[in-house]
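This report looks at how two neighbouring parts of a model are arranged. The sequence and structure come first.

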Amino acid sequence: MTRLLSMLLSSLLLLQSLHLSVTDLVQFDELLEHAAYHQKEFGDSFLTFLDKHYGSQKEDHERNHQEEKHDHEKLPFQQVPNQVLSHTQLFIGQRFFWDTPQPRKESQSHEYHYLLQTSGVFSPGVFQPPRHV
C-alpha cells in the first residue's frame, strides 16, 4: 500500500514539475483527432503537426488558419505555466526590555579557592585562569 501511495505521489510530482495538469491528459484525445484532421486535409505528418501547433510554425499556422481557432483552443498543453512567487513576512510584535543587570549578591562562603601558582609560561601574559574577586 505504501508503495502504491509513493508511486502515485511521485507521478503527481513529475506531472507538476513538467507543468502538466489533469485537463491536459483529458484533452489528449483532442490532440489525436486534430492530428488526424491535419493528416487528412493537409497531408501533414505527426511531427509537422506538432511543429505547426507547438513549434516554430505556430504563429504562421494560427495567422493563416483562423477557422481552426476553436479547435486549437481545445488542444492540450496550451496554457502558459504560471510561476507565482510569494514571500510572506511575518513580524511578531515583541517587547524588548532593556533591564539593567541587578547587582550580584556576594555570598560569604566560597565553594572553591584558587591559589596562584607561578609558572614561567603563563604568569605574566593574557593566559591567566579566572579569579574569584
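## The crossing of α3 and α4

In which hand of crossing does α3 pass α4? The crossing is right-handed (the near helix is turned clockwise from the far one by less than a right angle; anticlockwise would be left-handed). Helices here are DSSP runs of H or I with at least four residues, numbered from the N terminus.

This is a predicted model, in which local features need pLDDT of at least 70, side-chain atom pairs count only at pLDDT 80 or more, and totals for chains, interfaces and linings use all residues. Residues are numbered from 1 along each chain as its sequence is written, and side-chain values use heavy atoms, with hydrogens and water left out.

## Angle and contacts

Helix α3 spans residues 28-42 and helix α4 residues 46-54; their axes are 10 Å apart, at an angle of about 110°. The two are therefore roughly perpendicular (65 to 115 degrees).

From α3, Leu31, His34, Ala35 and His38 meet Phe46, Phe49, Lys52, His53 and Tyr54 of α4, where contact means heavy atoms within 4.5 Å. By class, this contact has five nonpolar, three polar and one charged residues.

## The buried side of α4

Phe49, Lys52 and His53 are the buried residues of α4 (under 20% relative accessible area). They lie on the same side of α4, because they cover an arc of only 85° around the axis. These buried residues pack against α3, α5 (58-64) and α6 (69-73).

## Aspartate 29

Aspartate 29 belongs to helix α3. With a relative accessible area of 40%, aspartate 29 is partly exposed (from 20% to 50%). Aspartate 29 and lysine 74 are 45 residues apart in sequence, and their C-alpha atoms are 10.0 Å apart in space.

Definitions and conventions
Axes fitted to C-alpha atoms, helices over the stretch in contact; angles between N-to-C directions. Parallel < 35°, antiparallel > 145°, perpendicular 65-115°, else oblique. Nonpolar A, V, L, I, M, F, W, Y, C, P; charged D, E, K, R; others polar. Buried < 20%, exposed > 50% of the residue type's maximum accessible area, 1.4 Å probe, protein only. Arc of directions from axis to C-beta.
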